[in-house]
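Thanks for sharing this one. Have a look at the sequence and the model first, and then read my comments alongside them.

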Amino acid sequence: MNYKTYLFDFDYTLADSSRGIVKCFRIVLTRHQYLTVTDEAIKRTIGKTLEESFSILTGITNPAQLEAFRQEYRLEADVHMNVNTRLFPDTLSTLKELKKRGARVGIISTKYRFRILSYLEEYLPKDFLDIVVGGEDVKAPKPSPEGVKFALEHLGSSPEETLYIGDSTVDAETAQNAGVDFAGVLNGMTTAEELRVYPHKIIMQNLGELVQ
């Protein structure tokens, strides 16, 4: 593939944060007596906003209560998230190869930008990434194209020269809404069949296929 700009989702695309995510949700849900929610159900919400996820898992729609859950989750994530996150085996080699080829590389995620950067600082040189857009940087979360469009404007990139890579149907919708090409990677809970419903250039078993 020959694009000038590659924008990646984070969770289940570049890294497996599911252990940390499940742990944080489990602590908050148990505190409020939601004891029957399964790990599988929690994992299926990865990629959505925390408010959306808590609403799906609890049935609650009250914005104030969902915001309270979000705040509790964030405090738990400060303790449990990074230590329970692992990069996928081909993440670093793929990112480094793309940069070696002269491509611009960035991340668009619903995860907080500061948390992504604090985790990646152990693995990548400072300023390696050309842009990171987190949940705190946009008014409308994915599948809104706001984050992708912000990145394109910041980087001076056009939609035609940009590929967005993600693991979920939310990512596929985001790419479609932003008018950029999409590549799916099967690192998460979404199946190839679910991703193929959306316009795509490729559905990959792993990120290494980007640079083959």
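The points below go through the two domains and the interface between them.

1. A word on the source before anything else: this is a predicted model, so please read each value here as computed from predicted coordinates.

2. The domain assignment splits the protein chain into domain 1, made of 3-14 + 85-208, and domain 2, covering 16-82. Domain 1 is thus written as two segments in that assignment. Between the C-alpha centres of the two domains there are 23 Å.

3. How much area do domain 1 and domain 2 bury between them? The figure is about 1700 Å², with 46% of it on carbon and sulfur atoms. On the side of domain 1, Y12, R115 and M189 together supply 35% of the area buried against domain 2, and no other three residues supply more.

4. In terms of contacts, 18 residues of domain 1 meet 17 residues of domain 2.

5. On the polar side, 12 residue pairs are in polar contact between the domains, counting pairs with both residues at pLDDT 80 or more. Helix α6 (residues 113-120) gives the largest share of the side of domain 1 that touches domain 2, with 4 residues. That side of domain 1 divides into 9 nonpolar, 4 polar and 5 charged residues.

6. Which salt bridges should you look at? The rule finds 2 across the interface of domain 1 and domain 2. A salt bridge to display is R44 with E194, where the closest N and O atoms are 3.4 Å apart.

How values were computed. Residues numbered from 1 in each chain as written. Predicted model: local features only at pLDDT ≥ 70, side-chain atom pairs only at ≥ 80, totals over all residues. Heavy atoms only, no water. Domains from an automatic or database assignment. Contact = heavy atoms within 4.5 Å. Buried area = accessible area lost by both parts, 1.4 Å probe. Salt bridge = Lys/Arg side-chain N within 4 Å of Asp/Glu carboxyl O. Polar contact = N/O pair within 3.5 Å; in protein donor to acceptor, adjacent residues only side chain to side chain. Helix = DSSP H or I, 4+ residues; strand = E, 2+ residues; numbered from the N terminus. Nonpolar A, V, L, I, M, F, W, Y, C, P; charged D, E, K, R; others polar.
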